[in-house]
Each structure stands twice: as structure tokens, then as C-alpha cells.
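Here is a friendly walk through a protein–DNA model. Keep the viewer open and follow along as the pieces come up.

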Amino acid sequence: MPESIEIELYRRLAERALDRRVVEVDAPDAWFLKGGLTGEGLAHAVVGRRFTDARRIGKLLLLDTALPGQEGGGPTVGLRFGMTGRLLVDGVAGIDDLQYSSMRDEPAWDRVTFRLEGGGDLRIRDPRRLGGVQLDPDEGRLGPDVLSIAPAALRDALAGSTAPVKARLLDQARVAGVGNLIADEALWRAGVDPARPAGSLTAAEVRRLHKHLRTTVDELMLRGGSHTGDVYHSRAAGGTCPKDGTPMIRRTVGGRTTWSCPRHQR
DNA sequence: ATTGTGGCCTGCCCGC
DNA sequence: TGCGGGCAGGCCACAA
């Protein structure tokens, strides 16, 4: 599913749409528009403007707008992809292989399309409609981004909490961009039990988790997705730990299906 | 405030 | 071969 890794790849793809005037907006699915936004409101906000910047905070993709010849001043379009949303620019997909979604070329799943001058478009295609589009989303609600979080910031995000460390990692207000697969992979690499109270981690464990969070995201980005982790294929019945061969255990932690190694994750 | 739970969405997979 | 019940998880509303 799209986590920060996939959204970052989407962001890079979205840069192809920069500095091209939006000539039309097609938003056939009212449910997909969030925060009271309507199709008319979205069209009014962006038609005649161009996207000036493609930014990302966690799993939120942000497209800034401005009138031609101006630096800014237009609203910001926020795109969320849920777990099955894909971004397409000029018919090119940002991700070839998206777990739990469908790769079928099905235009009926296009929830919002921005048509650009000279042909071409930027569209969000989401079979399960778990994503959404919003104007000027509150960026302040998101914690530091996992791609750049500092050790001290991770420490602060975990300190003093009785919630499972995995739940804290998945809380976008604490750390932005960690999804279920990255959380399981990083905790597995760091040898930390996902169910441990977040505040119970020692300083050394937090440093270790920080290191593995960062390297996990970097590596999986190079490999092409959040489903390319070392432990990914062990997240199934009968799966064994790639480190020590111990049968993996499946639990619900932080409300999410969680796979971990009972031997080396402590 | 913090933490946990349930529901939303629907294509796909599995077993019958 | 067709059918139907679970399943997947990001996000939000709500409860305690």
C-alpha cells in the first residue's frame, strides 16, 4: 500500500505536471472530495492556475498553485491515496507494483483528474476510494517526516507513552509517513517487539530503531516499494524469520495486522 | 489528553 | 465453473 515511499515516488512523478496550466477538473466522485470541497469549488480553485511545487509530508502529497506569472497565492491541493490509490501523470503511473491494489487500467477508478494545457493530465486512480482530495489541508497536524526525522525527534515521539511502540510509529501526528509494512520491517530489523510500550524503550533501543527506520525507508525506496522489505515474504501463515528461522507470529497491534519474530524481537 | 475500537471503502483471493 | 464470505489498511469518528 502507499506509504511514504510510494508517495515520494508519486511526488517525483507529479513534478512532470508543474508549470502547466490547469484547464479543466473532472471530479465525478463527490465522496472523494474532503473538507466540504465540491467539484465546482475545486475547479474554481485551480482552473487557470498552474502547479508550482510538488511537496510531500508523510503520506500527504501537496500541490501548490499560482496564477501564470505569479509565484504563489493560490490554494494548495492535498492528495491522499489511502491504501489503493495511484497517481498517473500523462498516463504514466508512479508505481508499477502496488500491493493490495489492482493494476488494471480502469478509467472508472479515476476519482479526480486535472487536465493540463496542451493535453495530458494528472489523475488519482483509487479502486477502493480510501483516498481523498482536499484544499489547503492542515499540514501542522503531521509529525516530523520519517525520511528526515532526527534521533531526538523520534525519542520525543516515543517518550512517556504506554501505547505499543508500533502504534506510536503509525500515529501520523507523531511520525509522518510510517505505514504498516515499514513499521513491521523497521521493528523487525531493530529487534524490537512491536507491542512494547513506546516509553519502555531504552535510549540505545530508540537510537537503533531510528537507524533502522531511516535505512529501511532508504533501501525500500531504492528497491521500489514498501513491499520489498526483507521480512515481507514472511508475513504469511507458515512464515519464518529470515534472521533465525523462528516461526513468525501474527497479532493485532495498534489495530493493524502485525507480524514479528518472537525470538529476536524483544 | 491518551489510547483503543469500529467502520468506511471494494477488488481480490480462497474454498466450496 | 460460479459464487460468497473474508480480508487488506489508511484514516476518521467515537468511546472510555
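The report below takes the sheets and their helices in turn, then a helix pair, and then the DNA contacts.

Please keep in mind that this is a predicted model.

**The four-stranded sheet**

Let us begin with the open sheet whose four strands follow the order S2-S3-S4-S9, with antiparallel pairing. Its edges are strand S2 (50–57) and strand S9 (132–135); each has a single partner strand, so one side of each is left without a neighbour in the sheet. On average, and with direction ignored, neighbouring strands here are turned by 20° against each other.

Going across this sheet from S2, the contact between S2 and S3 comes up at once: seven bridges join these antiparallel strands. Within that pairing, Arg55 has Leu62 in S3 as its bridge partner. The two strands form a hairpin with two residues between them, and Gly58 in the turn has a positive phi of about 60°.

The next step leads from S3 to S4, an antiparallel pair with five bridges. Here Leu63 is matched with Val77 in S4 as its bridge partner. S3 and S4 also form a hairpin, this time with six residues between the strands, and Gly69 in the turn shows a positive phi of about 85°.

The last step joins strand S4 (residues 73–80) to S9, again in the antiparallel sense, over four bridges. You can find two facing pairs here: Leu79 has Val133 in S9 as its bridge partner, and Gly78 stands opposite Gln134 in S9.

Which strands does helix H2 touch on this sheet? Helix H2 (residues 39–46) packs on the sheet against S3, S4 and S9, and its direction makes about 55° with that of S9. Helix H1 (residues 4–14) lies across S2 and strand S3 (60–66), running at about 165° to S2.

**The five-stranded sheet**

A further open sheet has five strands in the order S1-S7-S8-S5-S6, and its pairing is antiparallel. Strand S1 (22–26) and strand S6 (92–93) form the edges; each has a single partner strand, so one side of each is left without a neighbour in the sheet. Inside the sheet, strand S5 (residues 86–89) pairs with strand S8 (residues 121–125) in the antiparallel sense over four bridges. In this pairing, Leu88 stands opposite Arg123 in S8.

H1 packs on this sheet too, touching S5, S6 and S8, with its direction at about 15° to that of S5. H2 likewise lies across S1 and strand S7 (110–116), running at about 170° to S1. So far, then, H1 has appeared with S2 and S3 and with S5, S6 and S8.

**A helix pair**

Now turn to helix H3 (residues 151–158) and helix H6 (residues 203–223), which pack at an angle of about 115° with their axes 9 Å apart. The crossing of H3 past H6 is right-handed. On the H3 side the contact is made by Pro151, Leu154, Arg155 and Leu158, which meet Val206, Leu209, His210 and Leu213 in H6. By type, the residues of this contact divide into six nonpolar, one polar and one charged.

**Around DNA strand C**

How many residues surround DNA strand C? There are 15, and the closest are Met83, Arg128, Leu130, Arg250 and Arg256. Of the atoms of DNA strand C that come within 4 Å of the protein, sugar and phosphate account for 61%. The residues of the surface near the strand divide into four nonpolar, five polar and six charged.

Three arginine side chains are worth a look, and the table sets out their polar atoms and DNA partners.

| Residue | Atom of DNA strand C | Distance |
|---|---|---|
| Arg80 | phosphate oxygen | 3.4 Å |
| Arg250 | phosphate oxygen | 2.9 Å |
| Arg256 | base nitrogen | 2.3 Å |

Arg80 and Arg250 thus each have a side-chain N or O atom beside a phosphate oxygen, while for Arg256 the partner is a base nitrogen. Arg250 and Arg256 also appear among the closest residues to DNA strand C.

Notes. Residues numbered from 1 in each chain as written. Chains lettered and ligands numbered in written order. Predicted model: local features only at pLDDT ≥ 70, side-chain atom pairs only at ≥ 80, totals over all residues. Heavy atoms only, no water. Pairing = 2+ DSSP bridges. Axes fitted to C-alpha atoms, helices over the stretch in contact; angles between N-to-C directions. Contact = heavy atoms within 4.5 Å. Near = heavy atom within 4 Å. Polar contact = N/O pair within 3.5 Å; in protein donor to acceptor, adjacent residues only side chain to side chain. Nonpolar A, V, L, I, M, F, W, Y, C, P; charged D, E, K, R; others polar. Left-handed = near helix turned anticlockwise from the far one by under 90°.
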